[in-house]
Amino acid sequence: MATTPSMEDYIERIYLLIEDKGYARVSDIAEALEVHPSSVTKMVQKLDKDKYLVYEKYRGFTLTPKGNKLGKRLVYRHELLEQFLNVIGVDKENIYVDVEGIEHHLSWNAIDRIGDLCQFFEEDKNRINELRQIQQKNESENEQS
Ligand SMILES: [Mn+2]
């Protein structure tokens, strides 16, 4: 990760680790977020204080119901934004980094409206095809100019 991970990045990552293995250890979080274990310890103490997670001896961290609820929402948001960038035709190799760049900066209102837009395209594949036709037209015009 190019920038310092935010509190949301931590909760999102811890949620995914717990989903995968049942718990999250400092070393797992540090590796996943590409940060020093001491940064993880610092953030985890803050998240513990704010009642997002609890430390369980020998197991590592688990999320409280509050942390779990937020984690689930953050993972949903990440996946929705990947879907959105796919729908609008962003090149595959840009998608992950683009989502990491924008996900913390949108309101939940904007997320919900992006959800509507994805649904609009999902419900009728002709809509995607029409968008792709516009994109091809724009690309061939750009090549000519
Ligand atoms: Mn993310």
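Visitor: What joins D116 and R113?
Guide: A salt bridge needs a side-chain nitrogen of Lys or Arg within 4 Å of a carboxyl oxygen of Asp or Glu. D116 and R113 form one, with their closest N and O atoms 2.7 Å apart. This is a predicted model: local features need pLDDT of at least 70, side-chain atom pairs count only at pLDDT 80 or more, and totals for chains, interfaces and linings use all residues. Residues are numbered from 1 along each chain as its sequence is written, and side-chain values use heavy atoms, with hydrogens and water left out.

Visitor: How far apart are D116 and R113 in helix 6?
Guide: Helices are DSSP runs (H or I, at least four residues), numbered from the N terminus. D116 and R113 are three residues apart in helix 6, so about one helical turn separates them.

Visitor: Is D116 buried or exposed?
Guide: Buried means under 20% relative accessible area, exposed means over 50%, and partly exposed lies in between (1.4 Å probe, protein chains only). D116 is partly exposed, at 38%. R113 is partly exposed too, at 46%.

Visitor: How many salt bridges does the structure hold?
Guide: Seven. Among them is E141 with K137, at 3.6 Å between the closest N and O atoms. Both residues lie in helix 7 (residues 125–144), four residues apart. Shared partners also join K21, R25 and D28 into one network.

Visitor: Which protein atoms are donors of the manganese ion?
Guide: Donors are N, O and S atoms within 2.8 Å of the metal (3.2 Å for Na, K and Ca); water is not among the atoms, so sites may look incomplete. Here E12 gives two OE atoms, H78 gives ND1, E100 gives one OE and E103 gives two. They lie 2.2 to 2.8 Å from the ion. H78 is in helix 4 (residues 65–87) and E100 in helix 5 (residues 92–102), 22 residues apart. H78 and E100 are buried.

Visitor: Why is the arrangement around the manganese ion irregular?
Guide: Ideal angles at a metal are 90 or 180 degrees for six octahedral donors. The six donor atoms here subtend angles of 49 to 145 degrees, so the arrangement is irregular.

Visitor: How many aromatic pairs are there?
Guide: Rings of Phe, Tyr and Trp (its six-membered ring) pair if their centres lie within 6.5 Å; planes under 30 degrees apart are stacked, over 60 edge-to-face, the rest tilted. The count is two. Y55 and F61 are tilted, at 5.3 Å and 55 degrees. F120 and F121 are edge-to-face, at 5.4 Å and 80 degrees.

Conventions. Four donors count as tetrahedral if all angles lie between 85 and 135 degrees; four count as square planar and six as octahedral if opposite donors are over 155 degrees apart and all others between 65 and 115; anything else is irregular. Helices (H or I, at least four residues) and strands (E, at least two) are DSSP runs, numbered from the N terminus.
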